Structures are given as structure tokens and as C-alpha cells.
Amino acid sequence: MPQSDPNSDETFDFVVNNGNGIKGLVDAGIETVPQLYTVPIDERLEPNKIITHGSIPVIDVSDWDDPKVKESICEAAAECGFFQIINHGVPLEVLDAVRESAHRFFGLPNEERSKYWPVNSPTDTVVLTTSFAPQAETVFEWKDALTMRFGPHQYRESVPLWPPVCRDEVLEYGESAKPVVRKLMEILLKGLKVKEIDKAREYELMTASIVTINYYPRCPNPDLTAGIFPHSDASIITVLLQDDNGGLYVRATDGNGWIHVPPIDGAFVVNIGDMLQIMSNDKYKSIEHRVVANGSKNRVSVPVFVTPRMDAVIGPLPEAIESGEQPLYKKVVCGDYFRHHFGKKHDGKKSLEFARI
Ligand code: OGA
Ligand code: NI
């Protein structure tokens, strides 16, 4: 650990080495924010950095085939990198059920949760982690996360090993989100002149997707902490379900402020990830975002990270640069990009430099 504060070493041991996570720390009854979670003043989201006059687009996708819907999606991907979709067809009950199951999992006693800590987990398709990259961080994020992999390696065989309190709900949520993901991918790739997503492309780009349950326990002093530091997602796209607490902020396009993503019941928040920015040769933008911890309630969110296979080679799509543009990125093996991204703390959009020419 890079820090020297002995209290932080103790906190690190409790949270990481002993598999308690931030939820374990909160359950232990802490009433102040530990040093390890205290964010330097200049990295906090001060109220004067929040832009109240801006908003991200909300797109009604009840008719996916409507050319206006397609246009709005591609335009939002190019301009803001973030949008919400409503009337996507995934029933509210499925969304409610997965949120409730998230609270059930994180409401388990610590010894039950820690069965899924990386060193204990019965399968690599489910893993419980804390913060983002604890071995590389001096300040931790106020967040635990349970991640479930949907493929490609025979995940169904390992589903019986997932936590019984949430496995059916996560499975149903993940499966129900698939057609939405497919539609979004089809529209976004068509916007880059890709004619069709054939089976081989689908297998390469989408089969390694991940569903994560993010859990941000109530924080005694949210102003001092970060739920998630500013970052972009390494995914192709992320389709996220939030709850009614709010707290997700997106970097404004002029770079100077942060825009809140207001909770809309039943909506998905969609954002472009680094992989799609690379594939699109910068036509679509993977935008920084961050989460503020909540002072009164436990918050959950359930992103689906649409992720290529680890051996997929990602670079600007030939269709996206067919009119003779210079490629801005080299080809990278997806697994190499992820190892780079997940090996360091969240740091804005720095990961993209790994692939930039
Ligand atoms: C993420 C993320 C936002 C949220 O998990 O990468 O940005 O609202 N989550 O939890
Ligand atoms: Ni994110």
C-alpha cells in the first residue's frame, strides 16, 4: 500500500485482506469517514462544479425502427456519449426484482457475502470486489460490486454457484437486457456504416458481457468521499439501471462541469465505452462519469457492460474510416486493454492513451 497512515493500513486489511468490503465497514458501525476514503479537496465534486442547466437526452425507443429514434441514438452517442432510453420493453418487474435482489445480497451477513471474494469464490463467473483497483489506489471508492459474467465459457453451468439470493433475478435481468443491447449495437454500428452484425461479429463483440451489482452503502459524510472517481468505461457500451437515489454525474461536453443523470423509473442509462470510441475512430465519445455517495440511503445500480472476448482485436472499424480518414488508434487485444485499465486507479479517460496512435 502506498499510504503510510497506520489507520489506513488497518482499514485496508479489514476491507480488502479480510474480505469485508465497504459494506462490512459500515456494518461495523463507523460514524466518520476513514482516512482511506477521504478524497483530497480538489478532487471532490464541489457544488459549483455541478451544471444545472444541462441534461442528457432521453430517447423513447418504443419503435426501434423509427428513423428518428436511430438518428437520436447516433447523435447522442456522437455528442454526449450518454443518454437514457425509455419504453425499451424490459418489464419493470424484472428491473425491480434485480434491484431488490441487490439489496438482499448486500444485506447478507459478511461471512455469506465474503464467500464470493476473489480468493473464495467457487467460480470465476461471480466475484465480489471493493473500490476499483485497491492495490493501486491511495483513496478508495465508497463502493462494493458483485460481478457476474455471462459468457463465453459455459457460464450457465456455473450459475448454480451464484448467490441464491440474487442469481435468478440477475439471470433474468441479463437475458432480458440482451435484445435491448442488440438493438443499440445494431443502430450504433449501422451509424458507422457497418452493414450487419453477423454471428461472428456478435460472438466477438458481445458474448463476454458482464452484469455488475454496484452497492454504495449510506455514507456518514458523502461530501468527503467518492462513490466512483471520474472514469470512462472500458466496455463497448454500458446499459445501466439505477435506483431513485440519483448520484451519477456526467462530464459536460465543454469539459468544465458535471451534469446529473436524473433517475427515471424504468429507464436505462446508456453510455459509450472506450472500445466503441476506438472502433468508431472518435465519432462516438466515451465520456467521463462519476458517482457521489449517498448520505441517507444505500444506493444500488446494475450495469450491463457489453464487452468483447478477451482475444478480440479492437481497432477503428474499416467501415468507419472508409472515406480515407487516418486511424487514430492502433489495434489492441481486448484482454491487454482490460489488464491495463483494471491495473490502475480510475483516472478520467487516461486508459484510451493505451490504444492511441
Ligand atoms: C460504473 C458506473 C455508475 C452508477 O459502474 O462504471 O459508472 O450509477 N456506475 O453506479
Ligand atoms: Ni462507469
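Which residue stands opposite Asn-214 in β13? In β13, Asn-214 faces Ser-301. The exercises below develop the setting of this pair.

The model is predicted, so that local features need pLDDT of at least 70 and side-chain atom pairs count only at pLDDT 80 or more, while totals for chains, interfaces and linings use all residues. Residues are numbered from 1 along each chain as its sequence is written, chains are lettered from A and ligands numbered from 1 in the order in which they are written, and side-chain values use heavy atoms, with hydrogens and water left out.

**Exercise 1. Describe the surroundings of strand β6.**

Step 1. Strands (E, at least two residues) are DSSP runs, as are helices (H or I, at least four residues), and both are numbered from the N terminus. Strand β6 covers residues 210-216.

Step 2. Two strands pair if DSSP finds at least two bridges between them. Strand β5 (residues 144-149) runs antiparallel to β6, with six bridges; Asp-144 has Tyr-215 of β6 as its bridge partner. Between β6 and β13 there are five bridges, again antiparallel.

Step 3. Buried means under 20% relative accessible area, exposed over 50%, and partly exposed in between (1.4 Å probe, protein chains only). Seven of the seven residues of β6 are buried, so the strand is largely enclosed by the rest of the structure. One side carries Ile-210, Thr-212, Asn-214 and Tyr-216, and the other Val-211, Ile-213 and Tyr-215.

**Exercise 2. Characterise the shell around ligand 1.**

Step 1. A residue is near a molecule if one of its heavy atoms lies within 4 Å of it. Residues around ligand 1 include Asn-214, Tyr-216, Leu-248, Arg-299, Ser-301 and Phe-305.

Step 2. Strands β6, β7, β12 and β13 (299-306) each supply at least two residues of this shell, and β13 gives the largest share, three residues.

Step 3. The shell divides into six nonpolar, four polar and two charged residues. Here Ala, Val, Leu, Ile, Met, Phe, Trp, Tyr, Cys and Pro count as nonpolar, Asp, Glu, Lys and Arg as charged, and the others, Gly among them, as polar.

Step 4. Oxygen atoms of ligand 1 lie 3.0 Å from a side-chain N or O atom of Asn-214, 2.6 Å from a polar side-chain atom of Tyr-216 and 2.8 Å from one of Arg-299. The protein covers 95% of the 290 Å² of accessible area that ligand 1 has on its own (Shrake-Rupley method, 1.4 Å probe).

**Exercise 3. Locate the nickel site within the fold.**

Step 1. Donors are N, O and S atoms within 2.8 Å of the metal (3.2 Å for Na, K and Ca); water is not among the atoms, so sites may look incomplete. The nickel ion (ligand 2) has His-231 (NE2), Asp-233 (OD) and His-289 (NE2) as protein donors, at 2.1 Å. Their spacing along the chain is H-x1-D-x55-H.

Step 2. His-231 belongs to strand β7 (residues 228-231) and His-289 to strand β12 (residues 289-291), so the two tie together parts that are 58 residues apart in sequence. His-231 is buried at a relative accessible area of 6%, and His-289 is buried at 6%.

Step 3. An open sheet of five strands, with mixed pairing, has the order β1-β10-β9-β12-β7. Its edges are β1 (50-51) and β7, each having a single partner strand, so one side of each is left without a neighbour in the sheet.

Step 4. Strand β9 (residues 248-251) is joined to β12 by three bridges in antiparallel fashion, and Leu-248 stands opposite Val-291.

Terms used:
Polar contact = N/O pair within 3.5 Å; in protein donor to acceptor, adjacent residues only side chain to side chain.
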